[in-house]
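Here's a quick briefing to read alongside the structure. Have the viewer open as you go through the points.

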Amino acid sequence: FIVVADSSYSALQDAIERPIGIDEYVRRGYEDEFSKAGLPPKYGQLLRYLMARRYTSLADVLVVRRITESQLLNPARTSVVHTRDHNIRAFQQGNHILIGSQRAIPWVSLFDASLDFHIYDGNEDFHLMHEARDARVWVENRRPRPGELPRYISLSRGSGGTHGYALIASLPNLGRTGNVLILAGSDMTSTEAAGNLLTTESFLSDLLNRLPAGAGSGPPHFEALLST
């Protein structure tokens with residue numbers, strides 16, 4: 001399964017200025033926001049309209065296109081699905097590519113405890129370090145290895161453009177019967193960068209050469225953080 005982002009989910013979190021967790025997403029608890037006291041009726045109707053539709057990101061479409069053109073997957077055994085049409089049970093088996101961060105694909109949170117890197121944005125409820133208060137986005141490194149920083153901070157647009165980060169993570173699925181590949185970017189350009197790395201032979205070879213030898217015939221599970 002290639003799972004594309006739920007852009008309506010991201011937009012709703014921007015609109016209500018708070019994160020929506022996976023439990024609330026699955027049971028649609030966010031619908032209480034549509035008729036919240038003090039909310040203009042037309043605003044609530046707009047949010048309801050937004051969440052009734054399956055919108056996704058152009059970056060996700062471009063990554064799917066690159067994967068398809070690269071002939072990396074067997075089309076007869078591959079399905080492209082919207083985040084809202086996937087479910088927890090599906091992650092017990094099979095292989096999954098998630099194109100988006102936890103903010104756009106809540107299923108990423110199922111694997112968050114296994115990840116070293118976590119991308120935060122302004123809507124998440126977290127304790128900002130002093131140096132990150134003006135950050136556009138920042139990445140927490142929960143288990144820094146030698147030569148790594150405990151956090152990577154992206155400030156607002158500078159002379160070289162907008163600075164962002166992308167996470168590529170290869171993990172086992174929930175049933176440990178297949179694999180999950182997460183391509184999570186802090187913005188559209190960063191998401192595209194993750195897809196470009198995996199579908200460009202020279203970039204992918206460089207990444208694989210940096211990994212330790214796997215126990216089986218394929219590469220080991222890994223995480224890679226890209227600066228864009």
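Which residue in S5 does tyrosine 120 stand opposite? That partner is tryptophan 138. Keep in mind that this is a predicted model. The notes below go through a sheet, the aromatic contacts and a set of salt bridges.

**The three-stranded sheet**

- Three strands make up an open sheet, lined up in the order S4-S5-S6 with antiparallel pairing.
- At the edges sit strand S4 (117-120) and strand S6 (151-154), each of which pairs on one side only.
- Neighbouring strands here are turned against each other by 15 degrees on average, with direction ignored.
- Strand S5 covers residues 137-141 and runs antiparallel to S4, and four bridges join the two.
- Tyrosine 120 and tryptophan 138 are where you can see S4 and S5 face each other, since the tyrosine stands opposite the tryptophan.

**Aromatic pairs**

- The count of aromatic pairs comes to seven.
- One of them brings together tyrosine 9 and tyrosine 25, edge-to-face, with 4.7 Å centre to centre and 65 degrees between the planes.
- Tyrosine 9 belongs to helix H1 (residues 7-16) and tyrosine 25 to helix H2 (residues 22-26), so this contact ties together parts that are 16 residues apart in sequence.
- Tyrosine 9 counts as buried because its relative accessible area is 2%, under the 20% cut-off.
- Tyrosine 25 is buried too, with a relative accessible area of 4%.
- Another edge-to-face pair is tyrosine 152 with tyrosine 165, at 6.2 Å centre to centre and with 65 degrees between the planes.
- This second pair links distant parts of the chain: tyrosine 152 lies in strand S6 and tyrosine 165 in strand S7 (residues 165-172), 13 residues apart.
- Both tyrosine 152 and tyrosine 165 are buried.
- Ring pairs also build a cluster, made of Tyr9, Tyr25, Phe91, Trp107 and Phe111.

**A charge over a ring**

- Have a look at tyrosine 49 as well: arginine 53 lies over the face of its ring, 3.7 Å from the ring centre.

**Salt bridges around arginine 18**

- The structure holds eleven salt bridges.
- In one of them, glutamate 24 meets arginine 18, with the closest N and O atoms 2.8 Å apart.
- How exposed are the two partners? Glutamate 24 is buried, with a relative accessible area of 13%, whereas arginine 18 is partly exposed at 27%.
- Arginine 18 also forms a salt bridge with the side chain of glutamate 33, at 2.9 Å from N to O.
- That contact links distant parts of the chain, as glutamate 33 is in the loop between H2 and helix H3 (41-51) and arginine 18 in the loop between H1 and H2, 15 residues apart.
- Glutamate 33 counts as buried, at 10% relative accessibility.
- Lysine 36 joins in through a salt bridge to glutamate 33, the closest N and O atoms being 3.6 Å apart.
- At 49% relative accessibility, lysine 36 counts as partly exposed, because the exposed class starts over 50%.
- Put these contacts together and you get one network: Arg18, Glu24, Glu33 and Lys36 are joined by salt bridges that share partners.

Technical notes:
Residues are numbered from 1 along each chain as its sequence is written. This is a predicted model: local features need pLDDT of at least 70, side-chain atom pairs count only at pLDDT 80 or more; totals for chains, interfaces and linings use all residues. Side-chain values use heavy atoms; hydrogens and water are left out. Two strands pair if DSSP finds at least two bridges between them. Axes are lines fitted to C-alpha atoms, for helices over the stretch in contact, and angles run from 0 to 180 degrees between N-to-C directions. Rings of Phe, Tyr and Trp (its six-membered ring) pair if their centres lie within 6.5 Å; planes under 30 degrees apart count as stacked, over 60 as edge-to-face and the rest as tilted. Buried means under 20% relative accessible area, exposed over 50%, partly exposed in between (1.4 Å probe, protein chains only). A charge sits over a ring if NZ of Lys or CZ of Arg is within 6 Å of the ring centre and within 35 degrees of the ring normal. A salt bridge is a side-chain nitrogen of Lys or Arg within 4 Å of a carboxyl oxygen of Asp or Glu.
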